[in-house]
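Hi,

Here is the structure I promised to send over. Have a look at it first, and then read on for my notes.

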Amino acid sequence: MGKPRTPAGRAKEIATRLEVLYPKAECELTHSNAYELLAATILSAQCTDVRVNMVTPALFAKYPTPLALAEANPTELETIIRSTGFYQNKAKNLIGMGRNVVDRFASVIPHEMEDLVTLPGVGRKTANVLRSVVFDLPGLAVDTHVGRLSRRLGLTTEEDPVKVERVLNGFIDPPEWGRFGLRLILHGRRVCDAKKPKCGICELEDICPATLMPSKSKEK
DNA sequence: ATCCCGAGGG
DNA sequence: CCCTCTGGAT
């Protein structure tokens, strides 16, 4: 087949290749239920998954339920999550999330986007992670990796994550949204990283506008 | 000095 | 729209 020349065509080809490269497309935040993934994802703001996974064992042991989080001592909670950064905001949000889930949702993590984003510390990206990973609902979480790769790969020029999400949603079938996002993240971490993308070993190099252009591997 | 699975507030 | 919140890795 010829090289895809439209963003929609490239998206299809990219999805096909990423499926081969990252067949499992698993979420790398350690969790065993919806509550744990919600807490872990709140902690993942501007922080690596590896770092989040270092603090969640102690977090889940001390606060195993939304109710336990709702009743947490802020200072003790901050101590546990400190290394993930933004720890005062995150502690406040985690406690607020616990209280809201207990009071407004009978201690059950909600599925609906409109409900999820009312929880403290939960924005659209976090809501989409939950929907796609634990509820098996369509959801494309646009984080820093998904945004960066989408622009480098010529799928969009948008900077606003909500607009990027809308564009990608138009290229990929809803049941594949979650895995497509996960695969972009995996590729973003292993190959197409922000600072020094490894274009020489990239399996998308031949269809990537960023490397096809003479201006080499620059973003934008 | 820049980046990491962002979100809330002004 | 902008700014702020934070530590750790590179």
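How many residues surround DNA strand B, and which are the closest? Before I get to that, bear in mind that this is a predicted model.

The count for DNA strand B is 27 residues, and the closest are Thr126, Asp143, His145, Arg148 and Lys195. Of the strand B atoms that come within 4 Å of the protein, sugar and phosphate account for 66%. Some polar contacts with its phosphate oxygens can be picked out:

- Thr126 has a polar side-chain atom 2.3 Å from a phosphate oxygen of DNA strand B.
- Arg148 places a polar side-chain atom 2.6 Å from a phosphate oxygen of that strand.
- Ser44 uses its backbone instead, with an N or O atom 3.3 Å from a phosphate oxygen of DNA strand B.

If you want to see which elements are involved, helix H8 (124–133), H9 and H11 are the ones that give two or more residues to the surface near DNA strand B. H8 gives the most, with four residues. By class, that surface has 11 nonpolar, eight polar and eight charged residues.

Now for the other strand. DNA strand C is surrounded by Gln46, Arg51, Arg82, Ser83, Gly85, Phe86, Tyr87, Gln88, Asn89 and Lys195. You'll recognise Lys195, which is also among the closest residues to DNA strand B. Sugar and phosphate make up 57% of the strand C atoms that come within 4 Å of the protein.

The polar contacts here involve bases as well as phosphate. A base oxygen of DNA strand C sits 2.9 Å from a polar backbone atom of Phe86, and a base oxygen of the strand is 3.0 Å from an N or O atom in the Lys195 side chain. Gln88, on the other hand, has a side-chain N or O atom 3.0 Å from a phosphate oxygen of DNA strand C. Helix H6 (residues 87–105) gives the most to the surface near this strand, with three residues. The residues of that surface divide into two nonpolar, five polar and three charged.

I also looked at how some of the helices pack. H9 (residues 144–152) and H11 (residues 177–190) have axes that come within 8 Å and cross at roughly 85 degrees, so the two are roughly perpendicular to each other. On the H9 side the contact involves His145, Val146, Arg148, Leu149 and Ser150, which meet Gly181, Leu184, Ile185, His187, Gly188 and Arg189 of H11. That contact has four nonpolar, five polar and two charged residues. Two of the H9 names, His145 and Arg148, should look familiar from the list of residues closest to DNA strand B.

The other pair is H3 (residues 49–62) and H5 (residues 74–81), whose axes are 9 Å apart and pack at an angle of about 150 degrees. H3 and H5 are therefore roughly antiparallel to each other. Val55, Ala58, Leu59 and Lys62 of H3 make the contact with Glu76, Leu77, Ile80 and Ile81 of H5. By class, this one has six nonpolar, no polar and two charged residues.

Last, a word on confidence. Chain A has a mean pLDDT of 94, with 95% of its residues at 70 or more. Residues 214–220 are a stretch where the pLDDT is below 50, and beyond near neighbours in sequence this stretch has 10 contacts in the model.

Cheers

Conventions. Residues are numbered from 1 along each chain as its sequence is written. Chains are lettered from A and ligands numbered from 1 in the order in which they are written. This is a predicted model: local features need pLDDT of at least 70, side-chain atom pairs count only at pLDDT 80 or more; totals for chains, interfaces and linings use all residues. Side-chain values use heavy atoms; hydrogens and water are left out. Axes are lines fitted to C-alpha atoms, for helices over the stretch in contact, and angles run from 0 to 180 degrees between N-to-C directions. Angles under 35 degrees count as roughly parallel, over 145 as roughly antiparallel, 65 to 115 as roughly perpendicular and the rest as oblique. Contact means heavy atoms within 4.5 Å. Ala, Val, Leu, Ile, Met, Phe, Trp, Tyr, Cys and Pro count as nonpolar, Asp, Glu, Lys and Arg as charged, and the others, Gly among them, as polar. A residue is near a molecule or strand if one of its heavy atoms lies within 4 Å of it. A polar contact is a pair of N or O atoms within 3.5 Å; within protein, one must be able to donate a hydrogen and the other to accept it, and residues adjacent in sequence count only if both atoms are side-chain atoms. pLDDT is the predictor's confidence in each residue, from 0 to 100.
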